[in-house]
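Thanks for coming. I will go through one structure, helix by helix, and then turn to the loops.

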Amino acid sequence: MRVQKRFLPFVAFSLLALLAALWAGLVRLGWALPAFPSLVPAHGPLMVCGFLGTLIPLERAVAIRRKWMFAAPVLTGLGWVTLLVSPNPIGASLFTLGSLVALAILLYLFKREPKLHVGIMAVGTFAWVVGNILWMTGMPIFQMVFWWMTFPILTIAGERLELSRILRLSSVKVFVLELFSALILIGSGLAILNLEIGTRLAGAGFLTLGVWFLPNDIATRNLRHPTALTRYIAVCLFTGFLWLIVGGGMMLVTGAQYAGLYYDAMLHIIFVGFVMSMIFGHAPIIFPAIIHVRIIYQPVFYMHLGLLHTSLIIRVIGDLASLQTLRQWGGMLNGVAILLFLLMTGYAIWKGAQP
């Protein structure tokens, strides 16, 4: 299978944003690493807009093959570089423009294929646009971050709904999914006006959506699949759903968090526990679609997956118990797990590219 090298620069830009976000996160945790002033505040934007905001639209642009669609990853790639070089509104503006192009891609796709799963992904991308606009206009991240959370969560919900179509979900189950998705949007919107109520409603939406996934996603059935790669993907997704339940439950119970240890736990349960688990699981699907090379499954994949979850548990315990050393090491091991994932995925791609 011939590798599509022309898309590799886009992939590289998204992964560089991820690495920069990891570095910034370690500095925020108190590790004595070299850093420049604009790096640490960019931790969240780098992860959401630089990494996810480049990789997700790129996958769709490659699949649909319309030249204008590649403007989305170009704009978000330029956005995170600009944000690091000079912290000014230009970076945020580029992210916003990139997200608008990404939304246009979903609307184009919905017009061509007016299906519910496409609509859910479009709503998720719309949430990213809203979050970017709010951030660009000066709203604190702790208040608008639910819109950024909604972006990957509903994007994944739409993708999983499409892949689980063979289960022939009843109209009642699909309607319940729509209700839980709407609850997330309502909570995100209310957080702008009342952070306490908005946090709890969004948390309830995350929790119920995670609970909905467990019996209604094909991943649960695939936990006993005879193919090793399919089982690995299913474990990634299943554990991610559990983290979504935990994160939503924490928001529902604790309510508004403006900063501090509970805030740190809340965000990383969602973005590391849920989102990174989904990325680990979807990588064998995403990368072959972008660069046209198969990934050769390696049993060692479970090493970085297990380390991701174990290190997150350590970090969350450190947060909840106010144990700085524990949360620092949990964060460090989070980064190690993600680096191992990148290295092993690269090796598996290399193996797949061999004649």
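What follows is a short tour of some helices and loop residues in this model, which is predicted.

I start with helix H11, residues 261-291. A straight helix of 31 residues would span 45 Å at 1.5 Å a residue, but the end C-alpha atoms of H11 are only 40 Å apart. Where does H11 bend? The bend is at His282, and it is about 60°. A proline, Pro284, follows within four residues of that position. As for its surroundings, H11 is mostly covered, with 27 of its 31 residues buried. Right after the helix comes His292, and its phi is positive, near 55°. For context, most residues other than glycine have a negative phi.

Now helix H6, residues 141-163. H6 has 23 residues and reaches 33 Å from first C-alpha to last, close to the 33 Å expected at 1.5 Å a residue. There is still a kink in H6, about 25° at Thr150, and the proline Pro152 comes shortly after. Is H6 enclosed or open to the outside? It is largely enclosed by the rest of the structure, because 19 of its 23 residues are buried.

Next, a helix pair. Helix H2 covers residues 43-64 and helix H5 covers residues 116-136. Their axes come within 12 Å and cross at roughly 145°. The crossing of H2 and H5 is left-handed. Which residues make the contact? From H2 they are Pro45, Val48, Cys49, Gly53, Pro57 and Arg60. From H5 they are Met121, Thr125, Trp128, Asn132 and Trp135. Sorted by class, the contact of H2 with H5 has 7 nonpolar, 3 polar and 1 charged residues. If you are looking at the spacing in those lists, recall that an α-helix has 3.6 residues a turn, so residues three or four places apart point the same way.

On to helix H13, residues 324-353, and one residue in it, Ala337. Ala337 counts as buried because its relative accessibility is 0%, and the cut-off for buried is under 20%. What does Ala337 touch, leaving out residues up to four places away in sequence? The partners are Phe280, His304, Leu307 and Leu308. Phe280 lies within the residue range of H11, 261-291, and His304, Leu307 and Leu308 lie within that of helix H12, 301-320. Ala337 and Asp319 are 18 residues apart along the chain, and their C-alpha atoms are separated by 19 Å.

Last, the loops. Arg65 sits in the loop between H2 and helix H3, which is 71-85. Arg65 is not a glycine, yet its phi is positive, about 60°. Its relative accessible area is 35%, so Arg65 is partly exposed.

Ser322 is in the loop between H12 and H13. Ser322 also has a positive phi, near 55°, and is a residue other than glycine. With a relative accessible area of 53%, Ser322 is exposed.

Arg165 is in the loop between H6 and helix H7, residues 171-193. Is Arg165 buried or exposed? It is exposed, with a relative accessible area of 58%. Arg165 and Asn216 are 51 residues apart in sequence, while their C-alpha atoms are 9.9 Å apart in space.

That is the list; I can go back to any of these helices or loops.

Notes
Residues numbered from 1 in each chain as written. Predicted model: local features only at pLDDT ≥ 70, side-chain atom pairs only at ≥ 80, totals over all residues. Heavy atoms only, no water. Helix = DSSP H or I, 4+ residues; strand = E, 2+ residues; numbered from the N terminus. Expected span 1.5 Å × (residues − 1). Bend = angle between axes of the 7 residues up to and from the residue. Buried < 20%, exposed > 50% of the residue type's maximum accessible area, 1.4 Å probe, protein only. Axes fitted to C-alpha atoms, helices over the stretch in contact; angles between N-to-C directions. Left-handed = near helix turned anticlockwise from the far one by under 90°. Contact = heavy atoms within 4.5 Å. Nonpolar A, V, L, I, M, F, W, Y, C, P; charged D, E, K, R; others polar.
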